[in-house]
Amino acid sequence: MNGESACRRVIQGAWRGTKIPGAAHAGLVLAACLQNQDKPEERQQVLQQARHAVREPLSIYGMAFKRWKKSLEKGSPEPRGKVLYVHGRMAIGLGTESVLEVGLTLHHTYGTPIIPGSALKGLAAHYCDQVWGHADERFKAPHDKDEKTEGGENGPGSCYRFIFGTQQAAGYFTFHDAWMTPESLEKDPLCVDIMTPHHSDYYSAEGDKKPPPPWDFDDPIPISFLSVRGVFHVAVSCELPGDEGDQWSGLVFELLGQAFENWGIGAKTTAGYGRMHERPPATPGIPEEPEQEQVKPSPSIGDRIKVKRIEDPKGKNRLFFKAEDGTRCQVSQAEDPSKDVPVDGEVELWVVNAAQDIYTLSSVKPKEKKGKPKKSPRR
């Protein structure tokens, strides 16, 4: 009995349980355990079982991870690696064939999330051509007609050829598969997401058949899928040893870092998926929010604030000041003692009136109003 049949037999006997007994490979659960595609509850349960199964091989995966890192060090090219954090979530391998209609790239042996080296190289090469190549021709991808001619060490496309190679010759860099760190498996690395594509009839038309036009009354179809969050070890190998190899490796990691931060890797990057940074996110699984500038509250009547005298906008030698929050201020009386303050000089004055665009100030503290507050009118 093969593994797929065994897994189906297990799922048939324990479908209603909260956890598939013995399931320790998320990829096998996703590939073989769905019984009915038309039942959303079964689909959701398969996704949840995959989330449980991905953490089962933690102990053996930890040893495999160490062995993998050690194997990189034994290779002839000296490897360089960095730890990168997923900010938000990542959808890698979403377009691969799957019984769930959406795929996920997992390690074939351990069923853990992995970023293929081909995806890393493709992202870096495309970013190098489109962004760096736009500013410097040395990073521009060579065309087919240019591959037969050598542009020299500093000619157009020379850096691109050196890093990624062409159809005529291989590059000097090897992009290894990025493995998830064992610590990330302990923190539930798989998440259940939902996308709702519209106009399915319009996009699924085959052959010469004219598709129906999309319109606002098409029903959205919710499709659940698994995304990834956690930490990955990204490694590349350079054929050049020593300081020269270190310099080129630093350049490649700078290229990857910008591509991860600005473009992202995998699917749904326009929705914010696939962003990775060297620094950890503020909250695991939640993208960082930009720091908001703290706005100081406006002063109230009777407050004493520090202001700086400025020139009269109309040159009439009137008394104008500027508060620390940038608001323009004026003095209520021309004979106020603050008239002796020179331009750019600072003084503390009392707030007589605090409008939104201008404050009225005085050297004399305003008197507090006494009396009972007025009653609000009856409704």
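Select V307 and V347 to begin: V307 stands opposite V347, which belongs to strand β12. The model on display is a predicted one.

**Strand β9 and its partners**

Extend the selection to the whole of β9 and to β12, residues 346-354. These two strands run antiparallel and are joined by five bridges. On its other pairing, β9 is joined to β10, residues 320-323, by four bridges, and this pair also runs antiparallel. To find a point of reference in that second pairing, select I310, which stands opposite F320 of β10.

Which residues of β9 form its covered face, and which its uncovered one? Colour I305, V307 and R309 to see the covered face. Then colour R304, K306, K308 and I310 for the uncovered face. V307, where the tour began, thus belongs to the covered face, while I310, opposite F320, belongs to the uncovered one.

**T360 in strand β13**

Next, select T360, which is found in strand β13, residues 358-362. Is T360 buried or exposed? With a relative accessible area of 15%, T360 is buried, because the limit for that class is under 20%. Display the residues around T360, leaving aside its neighbours within four places in sequence: Q330, S332, W350, V351, V352 and N353 are in contact with it.

**The whole chain**

Zoom out for a moment. The protein has nine helices and 13 strands. Of its 379 residues, 40% count as buried. Among contacts between residues at least 6 apart in sequence, 68% join residues at least 24 apart. The stops that follow show individual cases of residues brought together from separate parts of the chain.

**H233 in strand β7**

Select H233, found in strand β7, residues 231-238. H233 counts as buried, at 12% relative accessibility. Add F65 and draw a line between the two C-alpha atoms: H233 and F65 are 9.8 Å apart in space, although 168 residues separate them in sequence. Not counting residues up to four places away in sequence, H233 touches F65, W68, K69, G81, K82, V83, D177, A178 and W179. Keep K82 in view, as it returns below.

**Three salt bridges**

Side chains of opposite charge can pair when their charged atoms come close. The structure holds eight salt bridges, and three of them are visited here.

Select R51 and D188 for one of these. Their side chains meet in a salt bridge at 2.2 Å, N to O. R51 lies in helix α3 (residues 40-53) and D188 in the loop between α7 (182-185) and β5 (190-195), so this pair ties together parts that are 137 residues apart in sequence. Both R51 and D188 are buried.

Move to D246 and R80, whose side chains meet in a salt bridge at 2.4 Å, N to O. This pair links distant parts of the chain, with D246 in helix α9 (residues 242-262) and R80 in strand β1 (residues 78-86), 166 residues apart. How does the burial of the two partners compare? D246 counts as partly exposed, at 39% relative accessibility, whereas R80 is buried, with a relative accessible area of 11%.

Now select K82 and E278. K82 forms a salt bridge with E278, and the closest N and O atoms are 3.1 Å apart. K82 lies in strand β1 and E278 in the loop between β8 (276-277) and β9 (304-310), so the pair ties together parts that are 196 residues apart in sequence. K82 is partly exposed, with a relative accessible area of 30%.

**The cavity beside K82 and E278**

Keep K82 and E278 selected, since both also belong to the lining of the largest cavity. The structure holds one cavity of 30 Å³ or more, and about 40 Å³ of space lies in the largest cavity. Complete the selection with L84, F253, L256, G257 and F260, which line it together with K82 and E278.

Which elements give two or more residues to this lining? They are β1 and α9. The largest share, four residues, comes from α9. Colouring the lining of the largest cavity by class shows four nonpolar, one polar and two charged residues. The tour ends at K82, which lines the cavity, forms a salt bridge with E278 and is touched by H233.

Definitions and conventions
Residues numbered from 1 in each chain as written. Predicted model: local features only at pLDDT ≥ 70, side-chain atom pairs only at ≥ 80, totals over all residues. Heavy atoms only, no water. Salt bridge = Lys/Arg side-chain N within 4 Å of Asp/Glu carboxyl O. Buried < 20%, exposed > 50% of the residue type's maximum accessible area, 1.4 Å probe, protein only. 1 Å grid on protein atoms, 1.4 Å probe; cavity = no way out; pocket = protein on both sides within 12 Å on 5 of 7 lines; lining within 4 Å. Points joined across faces, edges and corners; volume = space filled by probe spheres on them. Nonpolar A, V, L, I, M, F, W, Y, C, P; charged D, E, K, R; others polar. Contact = heavy atoms within 4.5 Å. Pairing = 2+ DSSP bridges.
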